[in-house]
Amino acid sequence: MMQHLLALGYDVFKEITGSSEIDLIAYKDQQFVRVQVKTCSLNKDGLATFEACKQHDSKSPFVGDEFDIMALYVVERNEVLFVTMVKLLEYKRGMSIRFEESKTKFCTSNFASDYRHFPTN
């Protein structure tokens with residue numbers, strides 16, 4: 001994750017105590033961005049699904065001021081997706097991101113292509 005942000009030109013600072021609600025701080029162009037990192041796997045339908053809850057308490061959803069961006073590492077694809085806190089708050093408990101178009105064409109899911117770039121302002 002850090003290498004990905006460094007390659008984008010960010011200075012990256014890592015949390016070391018284990019008690020912070022953020023994992024990284026990315027800094028570029030005089031702007032700090034608080035980053036929460038999560039790892040997930042694809043489910044049987046090929047969706048990257050993750051809970052939008054605090055790591056140490058899966059019953060406590062994020063409320064909006066814990067971080068700016070969630071960086072989601074999808075193991076099977078070796079890919080990083082970036083979800084803003086604003087987008088994440090649209091979902092109560094979790095979110096699914098689709099990598100391929102639905103076979104039924106009725107699905108209006110979130111597509112990975114919308115989350116591949118680190119959001120700026």
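**Entry 1: K38**

I started at K38, which counts as buried because its relative accessibility is 16%, and the cut-off for buried is under 20%. Note to self: this is a predicted model. K38 sits in strand β3, residues 31–40. I listed what K38 touches beyond four places in sequence: F50, E51, C53, F62, M70, A71, L72 and Y73. F50 is on that list, so I come back to F50 under the core.

**Entry 2: the overall layout**

I stepped back to look at the whole chain. I count two helices and ten strands. Reading from the N terminus, the order is α-β-β-β-β-β-β-β-β-α-β-β. The chain has 121 residues, and 34% of them are buried. I also checked how far contacts reach along the sequence: of those with a separation of 6 or more, 47% join residues 24 or more positions apart.

**Entry 3: the cores**

Next I went after the nonpolar side chains. In soluble globular proteins these tend to be buried together. Here the largest nonpolar core holds 19 residues, and F50, L81, L88 and I97 have the most contacts inside it. I then asked which elements give two or more residues to this core. They are β4 (47–51), β7 (69–74), β8 (79–84), α2 (85–88) and β9 (94–98). The top contributor is β7, with three residues.

I pulled up F50 from the other side. Leaving out neighbours within four places, F50 is in contact with K38, C40, M70, L72, V83, L88, R93, G94, M95 and I97. L88 and I97, both on that list, are also among the residues with the most contacts in the core. There is a second, separate core too: it has twelve residues, including L5, V12, V33 and I69.

**Entry 4: aromatic pairs**

How many aromatic pairs does the structure hold? I get three. For each one I want the distance of the ring centres and the angle of the planes, as is usual for describing such a pair.

Y27 and F32 have ring centres 4.4 Å apart and planes at 40°, so I log this pair as tilted. Y27 is partly exposed, at 24% relative accessibility. F32 is exposed, at 58%.

F82 and F118 make an edge-to-face pair, with 5.0 Å between centres and 85° between planes. F82 lies in strand β8 and F118 in the segment after β10 (110–111), so this pair ties together parts 36 residues apart in sequence. Are F82 and F118 buried or exposed? F82 is buried, with a relative accessible area of 2%, and F118 is buried as well, at 10%. I also noted that Y10 joins F82 and F118 in one aromatic cluster.

**Entry 5: D11**

From the tilted pair I moved to D11, in strand β1. D11 counts as partly exposed, with 43% relative accessibility. Beyond four places in sequence, D11 is in contact with I25, A26 and Y27. Then I checked D11 against F32: they are 21 residues apart in sequence, and their C-alpha atoms are 9.4 Å apart.

**Entry 6: E15**

E15 is in the loop between β1 (11–14) and β2 (24–28). This one made me look twice: E15 is buried yet has no salt bridge. Which side chain of opposite charge is nearest to E15, and how far away is it? It is K14, at 5.8 Å. A salt bridge would need a side-chain nitrogen within 4 Å of a carboxyl oxygen, so K14 does not qualify.

What does the side chain of E15 reach instead? It gets to the backbone nitrogen of S20, at 3.4 Å. Among residues more than four places away in sequence, E15 touches S20, I22 and D23.

**Entry 7: positive phi**

Last, I checked for non-glycine residues with a positive phi. D29 has one of about 50° and is not a glycine. D29 is in the loop between β2 and β3, and is exposed, with a relative accessible area of 67%.

N78 also shows a positive phi of about 50° without being a glycine. N78 is in the loop between β7 and β8. With a relative accessible area of 60%, N78 is exposed.

Key:
Residues numbered from 1 in each chain as written. Predicted model: local features only at pLDDT ≥ 70, side-chain atom pairs only at ≥ 80, totals over all residues. Heavy atoms only, no water. Helix = DSSP H or I, 4+ residues; strand = E, 2+ residues; numbered from the N terminus. Buried < 20%, exposed > 50% of the residue type's maximum accessible area, 1.4 Å probe, protein only. Lys, Arg positive; Asp, Glu negative; His and termini not counted. Polar contact = N/O pair within 3.5 Å; in protein donor to acceptor, adjacent residues only side chain to side chain. Contact = heavy atoms within 4.5 Å. Core = buried A, V, L, I, M, F, W, Y, C linked by side-chain atoms within 4.5 Å. Phe/Tyr/Trp six-rings, centres within 6.5 Å; stacked < 30°, edge-to-face > 60°.
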